[in-house]
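I am opening a fresh page to write down what I look up in this structure, one entry at a time. The sequence and the model go here, so that I can return to them while I write.

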Amino acid sequence: MGTSEPNLEDFFEEKNRVRNPLVPIGALVTAGVLTAGLFSFRQGNSHLGQILMRARVVVQGATVALMVGTAHYYGDTPWTKPN
């Protein structure tokens with residue numbers, strides 16, 4: 001009866017996470033442009049809505065590129081197998 005059960009924390013080692021402050025800003029900008037585009041479509045301005053949807057794709061792509069670039073820069077590549 002001297003053995004203790006492992007805690008949940010024992011299964012997941014604590015990693016030193018690096019946070020890029022531009023990623024949440026990019027997510028908020030993406031959400032804002034998406035909201036503005038949907039609002040434009042609802043108001044009947046499909047031309048402006050289409051431009052805003054294209055801008056959303058660009059901003060969203062830049063945000064994803066920031067996430068991947070930050071992970072790659074700090075050596076935390078998710079597509080490689082751990083040793």
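Which side chain is joined to that of Q60 by a polar contact? I looked this up before anything else, and I found that the side chain of R56 is the partner, at 2.6 Å. For my own use I note that a polar contact is a pair of N or O atoms within 3.5 Å, where within protein one atom must be able to donate a hydrogen and the other to accept it, and where residues adjacent in sequence count only if both atoms are side-chain atoms.

**Entry: what kind of model this is**

I must keep in mind that this is a predicted model, in which local features need pLDDT of at least 70 and side-chain atom pairs count only at pLDDT 80 or more, while totals for chains, interfaces and linings use all residues. Residues are numbered from 1 along each chain as its sequence is written, and side-chain values use heavy atoms, with hydrogens and water left out.

I then looked up the pLDDT, which is the predictor's confidence in each residue, from 0 to 100. The chain has an average of 82, and 69% of its residues score at least 70. Among the elements, helix α1 (residues 8-11) has the lowest mean, 61, whereas α2 has the highest, 94.

**Entry: the whole chain**

I noted 3 helices and 0 strands, and from the N terminus on the order reads α-α-α. Helices (H or I, at least four residues) and strands (E, at least two) are DSSP runs, numbered from the N terminus.

The chain has 83 residues, of which 16% are buried; buried means under 20% relative accessible area, exposed means over 50%, and partly exposed is in between, with a 1.4 Å probe and protein chains only. The chain exposes about 7300 Å², and carbon and sulfur atoms supply 61% of that area. Accessible areas come from the Shrake-Rupley method with a 1.4 Å probe, and for residues only the protein chains shown count as cover.

I also looked at contacts, meaning heavy atoms within 4.5 Å. Of the contacts with a separation of 6 or more, 49% are between residues 24 or more positions apart.

**Entry: T30 and S40 in helix α2**

Is T30 buried or exposed? T30, which lies in helix α2 (residues 22-43), counts as buried because its relative accessibility is 13%. Its side chain reaches the backbone oxygen of G26 at 2.7 Å. Setting aside residues up to four places away in sequence, I found that T30 touches R56, V59, Q60 and T63.

S40 is also found in helix α2, and its relative accessible area of 8% is why S40 is called buried. With residues up to four places away again left out, S40 touches N45, L48, G49 and L52.

**Entry: L52 and M53 in helix α3**

From S40 I moved on to L52, which lies in helix α3 (residues 46-73) and has a relative accessible area of 18%, so it is buried. Apart from neighbours within four places in sequence, L52 is in contact with V33, A36, G37 and S40. The C-alpha atoms of L52 and G32 are 9.9 Å apart, although 20 residues separate the two along the chain.

M53 lies in helix α3 too, and it counts as buried because its relative accessibility is 14%. Which residues does M53 contact, leaving aside its neighbours within four places in sequence? I found L34, G37, L38 and F41. For M53 and L34, which are 19 residues apart along the chain, the C-alpha atoms are separated by 6.5 Å.

**Entry: Q60 and A62 beside G26**

I came back to Q60, which lies in helix α3 and counts as partly exposed because its relative accessibility is 37%. From C-alpha to C-alpha, Q60 and G26 are 7.1 Å apart in space, while in sequence they are 34 residues apart.

A62 is likewise found in helix α3, and its relative accessible area of 42% is why I list A62 as partly exposed. The C-alpha atoms of A62 and G26 are separated by 7.7 Å, with their positions 36 residues apart along the chain.
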